[in-house]
Amino acid sequence: MFETLKKATLDKIFVLMAEYAADPRTDKIDLGVGVYKDDTGLTPIMNSVRKAEQRIHDTAMTKTYMGVVGNKGFSAAVVDLALGGIVDLKRVRTVNGAGGTGALSILMNVLSRARPGGRIFISDPSWPNHWPMAELVGLKPHYYPYFDPRTRRVDFPAMMKMIDSLTTDDIVLLHGCCHNPTGANLAREQWDQVAECLRRTGAFPLVDLAYLGFGDGLEEDAYGVRKVVSSVPESMVAFSASKNFGLYRERAGVAIAIGKNETDAEIVSSQMQNVIRATISQTPDHGAEIVRVILEDRELRAEWQAELTAMRERMKRLRVKLAEAIRQRSNSKDFDFIAEHSGMFSLLGLPPAVVERLKVKDGVYMINDSRINVAGIPEDRVGELADYLLAAVR
Ligand code: LMR
């Protein structure tokens with residue numbers, strides 16, 4: 001049986017994680033996988049999460065099945081958090097996903113049933129898993145222009161030109177906020193134009209919302225997704241609680257579908273449930289229940305928001321510090337974009353050979369496209385990191 005298979009390519013993010021783990025150097029720096037880290041380099045369990053877990057431990061009576069749609073309280077709270085009441089709930093249907101990726105996978109499966117072999121347009125560049133996920137369900141991935149490597153900003157005219165040429169048969173995958181891997185994001189007026197363009201062309205928006213609250217704030221980061229879903233008749237959103245609740249391995253996410261009307265919403269709901277049943281039957285609930293407990297409790301919710309704000313502010317501070325350290329040393333503004341980007345990542349625009357050298361020589365790990373996870377910058381070693389980066393590009 002297995003002799004017919006070829007070795008599959010593993011995602012570069014997880015390959016790098018393994019290389020980092022195997023590196024014996026104690027002064028190595030991990031700017032690779034997108035997980036939040038605190039001052040000590042730890043990816044902590046949030047206090048609000050610990051308290052919610054304790055509460056669940058003390059009060060839960062059963063672990064019986066939840067049903068195929070999953071934890072409805074979790075989904076409802078997430079819809080409220082992400083969409084803020086912007087669409088009539090009669091048109092909204094949800095199922096839990098195993099993390100944001102699980103949610104995205106359910107939605108892509110349903111879209112591939114709606115448009116077998118249909119085209120899905122993904123930003124160039126994008127999270128490396130978007131493309132294979134689309135291929136796996138039989139959609140045909142294409143790129144739309146997104147990042148201008150010269151300015152390190154969004155190439156908005158090129159992006160719009162492409163989206164404007166799409167049809168009602170096409171799907172556009174948008175990063176709701178905190179673009180991964182570039183860190184370059186759309187301004188509000190640009191979101192307005194994208195939403196208007198999608199309304200005009202009828203191209204279908206699928207929004208990946210994996211970093212809500214990591215950019216400028218919960219409400220601020222939700223601007224784009226709310227604008228899009230309120231401008232078009234039909235859309236989908238994949239929400240992840242991995243980053244903003246620090247629940248990575250618990251796999252908590254919500255697949256949200258918004259139909260033209262209640263009848264369509266019911267149909268898409270049955271399709272999402274059908275995909276879940278035929279793939280994993282039920283989604284995990286522990287992470288979902290933690291988020292539900294937090295979002296439904298005033299005190300825990302406030303504590304979570306404060307913790308999220310602290311994470312966001314730390315990442316912003318690290319951005320500013322690194323950009324400043326490089327500016328002072330080089331007397332140039334070439335890396336100022338790091339402070340202008342938002343979210344967890346910045347694409348530095350370094351050639352792969354430079355990225356490799358930084359890893360081998362200095363123990364600085366970043367993804368080979370030169371994406372850095374800013375949360376991984378050790379605050380007390382910002383100057384040292386600036387030195388490594390500058391020496392590498394000279
Ligand atoms: C990342 O982009 O590093 C994270 O989203 C982790 C992952 O699953 O790739």
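This tour moves through one structure stop by stop, naming what to select and what is found there.

The structure is a predicted model, in which local features need pLDDT of at least 70 and side-chain atom pairs count only at pLDDT 80 or more, while totals for chains, interfaces and linings use all residues. Residues are numbered from 1 along each chain as its sequence is written, and side-chain values use heavy atoms, with hydrogens and water left out.

**Stop 1: an aromatic cluster**

Select Tyr 211, Phe 214 and Phe 345, which form one aromatic cluster. Across the whole structure, a search finds six aromatic pairs; rings of Phe, Tyr and Trp (its six-membered ring) pair if their centres lie within 6.5 Å, and planes under 30 degrees apart count as stacked, over 60 as edge-to-face and the rest as tilted. Tyr 211 and Phe 214 make a tilted pair, because their ring centres are 6.2 Å apart and their planes stand at 55°. Tyr 211 and Phe 345 pair edge-to-face, with 5.6 Å from centre to centre and 80° between the planes.

Which parts of the chain does this second pair tie together? Tyr 211 lies in the loop between β8 (204-209) and α8 (218-221), and Phe 345 lies in strand β11 (residues 345-347), so the pair ties together parts that are 134 residues apart in sequence. Helices (H or I, at least four residues) and strands (E, at least two) are DSSP runs, numbered from the N terminus.

Tyr 211 and Phe 214 are both buried, where buried means under 20% relative accessible area, exposed over 50% and partly exposed in between (1.4 Å probe, protein chains only). The relative accessibility of Tyr 211 is 6%, and Phe 345 is buried with a relative accessible area of 1%.

**Stop 2: charges over rings**

Keep Phe 345 in view and add Arg 371, which lies over the face of Phe 345 at 3.7 Å from the ring centre. A charge sits over a ring if NZ of Lys or CZ of Arg is within 6 Å of the ring centre and within 35 degrees of the ring normal. Then select Lys 28, whose charged end sits over the ring of Tyr 20, 4.4 Å from its centre.

**Stop 3: Tyr 36**

Next, select Tyr 36, in the loop between β1 (29-30) and α2. Is Tyr 36 buried or exposed? At 5% relative accessibility, Tyr 36 counts as buried. Leaving aside neighbours within four places in sequence, the residues in contact with Tyr 36 include Phe 214, Tyr 248, Met 311 and Arg 314; contact means heavy atoms within 4.5 Å. The C-alpha atoms of Tyr 36 and Phe 214 are separated by 9.9 Å, although the two residues are 178 residues apart along the chain.

**Stop 4: Ser 346 and His 341**

Select Ser 346 in strand β11; at 0% relative accessibility, Ser 346 counts as buried. Its side chain makes a polar contact with the side chain of His 341 at 2.7 Å. A polar contact is a pair of N or O atoms within 3.5 Å; within protein, one must be able to donate a hydrogen and the other to accept it, and residues adjacent in sequence count only if both atoms are side-chain atoms.

Move on to His 341, in the loop between α13 (337-340) and β11. His 341 is buried too, at 6% relative accessibility. A polar atom of the His 341 side chain lies 3.2 Å from the backbone oxygen of Thr 182.

**Stop 5: helix α2**

Select residues 47-59, which make up helix α2. Buried here are Ser 48, Val 49, Ala 52 and Ile 56. Seen down the axis, the buried residues fall within an arc of 100°, so they line one face of the helix; the arc is that of the directions from the helix axis to the C-beta atoms. They pack against α11 (286-296) and α12 (298-330). On the other side of α2, His 57 and Asp 58 are exposed.

**Stop 6: helix α10**

Finish with helix α10, residues 262-279. At its start, a side-chain oxygen of Asn 261 reaches to within 3.2 Å of the backbone nitrogen of Thr 263. Its buried residues are Ala 265, Val 268, Ser 269, Met 272, Val 275 and Ile 276. These fall within an arc of 125° down the axis, so they line one face of the helix. Their cover includes β2 (92-98), α4 (99-114), β9 (235-240) and β10 (252-258). Just after α10, Ser 281 takes a positive phi of about 70°.

Technical notes
Expected span 1.5 Å × (residues − 1).
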